[in-house]
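Here are my notes on the model you sent round. I've gone through it point by point, starting with the ligand.

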Amino acid sequence: MKTYKVAVIPGDGIGPEVINEGIKVIEAAASLEGTFQVEFTNFPWGCEYYLEHGRMMDEDGTNALMQYDAIYLGAVGFPGVPDHISLWDLLLRIRKEFDQYVNIRPIKLLRGAPNILKNIKEENIDMLFIRENSEGEYSGAGERLFRGKPEEIVMQTGIFTRKGTERIIRYAFETARNLNKSLTSISKGNALNYSMVFWDEVFEEIGKEYPDVQTASYLVDAAAMLMIKQPHRFEVVVTSNLFGDILTDLGAAIAGGLGLAAGANINPDRIYPSMFEPIHGSAPDIAGQGIANPLAAIWSAGQLLEFLGYRNLAEKLIAAIEHVLVESMVLTPDLGGTSSTSEVGSQVVEKLSEIYKVTN
Ligand code: NAD
Ligand code: IPM
Ligand code: MN
């Protein structure tokens with residue numbers, strides 16, 4: 001039987017709570033499928049680890065991760081460790097060192113998920129965000145001089161390379177072509193007169209190679225408004241690192257909430273392992289109470305399975321999540337229910353098994 005090795009980094013706050021449910025679902029899915037198994041290895045990295053060891057992960061941690069087929073991550077960051085340290089030493093380090101330059105975030109209102117937009121039909125909220133995930137505003141380049149003095153200078157430099165910009169835009173065009181959908185670029189060329197003017201030019205250039213793909217291009221401020229007012233305009237979307245970060249939390253809000261928003265950090269060349277994680281953070285406000293919604297983490301687990309080659313299974317898993325939502329019997333408080341994280345995980349497993357009984 002085929003065995004996959006998955007590195008698990010539960011991380012901080014609700015990270016471990018939701019990841020447990022994702023693992024439970026992957027194990028159930030593998031046993032229902034019956035053709036493969038998944039071996040999980042736990043890495044106890046995160047803010048607690050930092051307080052003990054003075055670092056977020058082992059020094060050669062990324063070496064250790066290299067031998068896995070994929071990484072499954074909960075969330076990183078907790079009060080007590082400055083966020084810029086915890087994130088740059090673990091999450092962003094992995095995204096960058098493993099050249100996971102594509103961040104795929106479906107903003108899709110699943111059947112049964114709450115639709116907060118008045119007069120917008122469920123099926124019109126169906127976007128696939130492709131966020132640049134390796135450079136741009138997150139390049140980490142900058143300087144801080146004369147700290148605390150009146151002459152203090154702070155620079156945070158966005159770096160957009162031709163290679164980095166071309167590859168993400170090309171990836172997005174390929175995705176749109178394969179899905180037979182339109183592609184929308186979101187940028188800000190009016191104010192960011194170097195980086196985003198360049199982005200727009202590259203989008204135009206690469207677009208010439210894809211005459212069959214219908215395109216649109218919006219400024220990020222207008223795009224934020226249109227995502228709420230006319231979400232049907234957005235099918236496949238490509239945007240920069242920071243804009244993608246912000247717009248996918250906005251997107252999560254119109255697609256059932258952060259508890260339902262999944263993401264995948266992909267190294268398309270498959271030289272390095274890819275990493276799957278919900279969009280949400282460690283939610284310190286609800287951590288430890290067993291009430292975090294695990295559906296985002298479970299959906300990310302579905303993306304992981306799809307990445308390993310089990311697309312059909314991933315589709316069944318999404319159908320199982322939809323069954324849980326439509327039935328509305330077992331939901332966490334963010335979705336108006338009274339159930340626990342682990343009850344929701346178990347309910348997804350139950351629905352998935354039912355789907356298997358019907359289809360196999
Ligand atoms: P957050 O996503 O953790 O929480 C925002 C709000 O959404 C909170 O009210 C929280 O309770 C709620 N929420 C989030 N996920 C939920 C879930 N699964 N079920 C129910 N409610 C949920 O964002 P934040 O509060 O801005 O950040 C908290 C910490 O997480 C910070 O340290 C931040 O840097 C970090 N963070 C990490 C990641 C990541 O690891 N990928 C992502 C975002 C934020
Ligand atoms: C996300 C998170 C991260 C990001 C933070 C925690 C660095 O918000 O994955 O959306 O900005 O990419
Ligand atoms: Mn974010």
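Which polar backbone atom is 2.7 Å from an oxygen atom of ligand 1? That one belongs to Gly-281. Before the rest, keep in mind that this is a predicted model.

1. Ligand contacts. Besides the oxygen that pairs with the backbone of Gly-281, ligand 1 has nitrogen contacts to look at. A nitrogen atom of ligand 1 sits 3.0 Å from a side-chain N or O atom of Glu-277. For His-280, a side-chain N or O atom lies 3.3 Å from a nitrogen atom of ligand 1. Taken alone, ligand 1 would expose 810 Å², and the protein buries 71% of that.

2. The shell. There are 22 residues around ligand 1, and those that come nearest are Val-76, Asp-83, Gly-281, Ala-283 and Asp-285. Sorted by class, the shell has 12 nonpolar, 6 polar and 4 charged residues. Helix 4 gives the most to this shell, with 3 residues, which is a good reason to look at that helix next.

3. Helix 4. This helix covers residues 83–97 and bends by about 35 degrees at Asp-89. Its buried residues are Ser-86, Leu-87, Leu-90, Leu-91, Leu-92, Arg-93, Ile-94 and Arg-95. Do check the two arginines, Arg-93 and Arg-95, since both are on that buried list.

4. Just past helix 4. Asp-99 comes right after the helix and takes a positive phi of about 45 degrees. Asp-99 also forms a salt bridge with Arg-167, with the closest N and O atoms 2.9 Å apart. Asp-99 is in the loop between helix 4 and strand 4 (102–108), while Arg-167 is in helix 5 (residues 162–179), so this pair ties together parts that are 68 residues apart in sequence. Arg-167 counts as buried because its relative accessibility is 17%, under the 20% cut-off.

5. A salt bridge inside one helix. Glu-21 and Lys-24 meet through their side chains at 2.7 Å, N to O. Both lie in helix 1 (residues 15–33), 3 residues apart, or about one turn of the helix. An α-helix has 3.6 residues a turn, so residues three or four places apart point the same way. Is Glu-21 buried or exposed? Glu-21 counts as buried, at 6% relative accessibility, whereas Lys-24 is partly exposed at 26%.

6. Lys-188 and Asp-221. Here the side chains meet in a salt bridge at 3.2 Å, N to O. Asp-221 belongs to helix 7 (residues 220–229) and Lys-188 to the loop between strand 8 (183–187) and helix 6 (195–207), so the pair ties together parts 33 residues apart in sequence. Lys-188 is buried, with a relative accessible area of 17%, and Asp-221 is partly exposed at 46%. There is also a network to look at: salt bridges with shared partners join Lys-108, Asp-126 and Lys-181. The total count comes to 17 salt bridges.

7. Thr-239. This residue is found in strand 10 (residues 236–239). Thr-239 is buried, with a relative accessible area of 0%. What does its side chain reach at 2.9 Å? The partner is the backbone oxygen of Ile-186.

Technical notes:
Residues are numbered from 1 along each chain as its sequence is written. Chains are lettered from A and ligands numbered from 1 in the order in which they are written. This is a predicted model: local features need pLDDT of at least 70, side-chain atom pairs count only at pLDDT 80 or more; totals for chains, interfaces and linings use all residues. Side-chain values use heavy atoms; hydrogens and water are left out. The bend at a residue is the angle between axes fitted to the seven residues ending there and the seven starting there. Helices (H or I, at least four residues) and strands (E, at least two) are DSSP runs, numbered from the N terminus. Buried means under 20% relative accessible area, exposed over 50%, partly exposed in between (1.4 Å probe, protein chains only). A residue is near a molecule or strand if one of its heavy atoms lies within 4 Å of it. A polar contact is a pair of N or O atoms within 3.5 Å; within protein, one must be able to donate a hydrogen and the other to accept it, and residues adjacent in sequence count only if both atoms are side-chain atoms. Accessible areas come from the Shrake-Rupley method with a 1.4 Å probe; for residues, only the protein chains shown count as cover. Ala, Val, Leu, Ile, Met, Phe, Trp, Tyr, Cys and Pro count as nonpolar, Asp, Glu, Lys and Arg as charged, and the others, Gly among them, as polar. A salt bridge is a side-chain nitrogen of Lys or Arg within 4 Å of a carboxyl oxygen of Asp or Glu.
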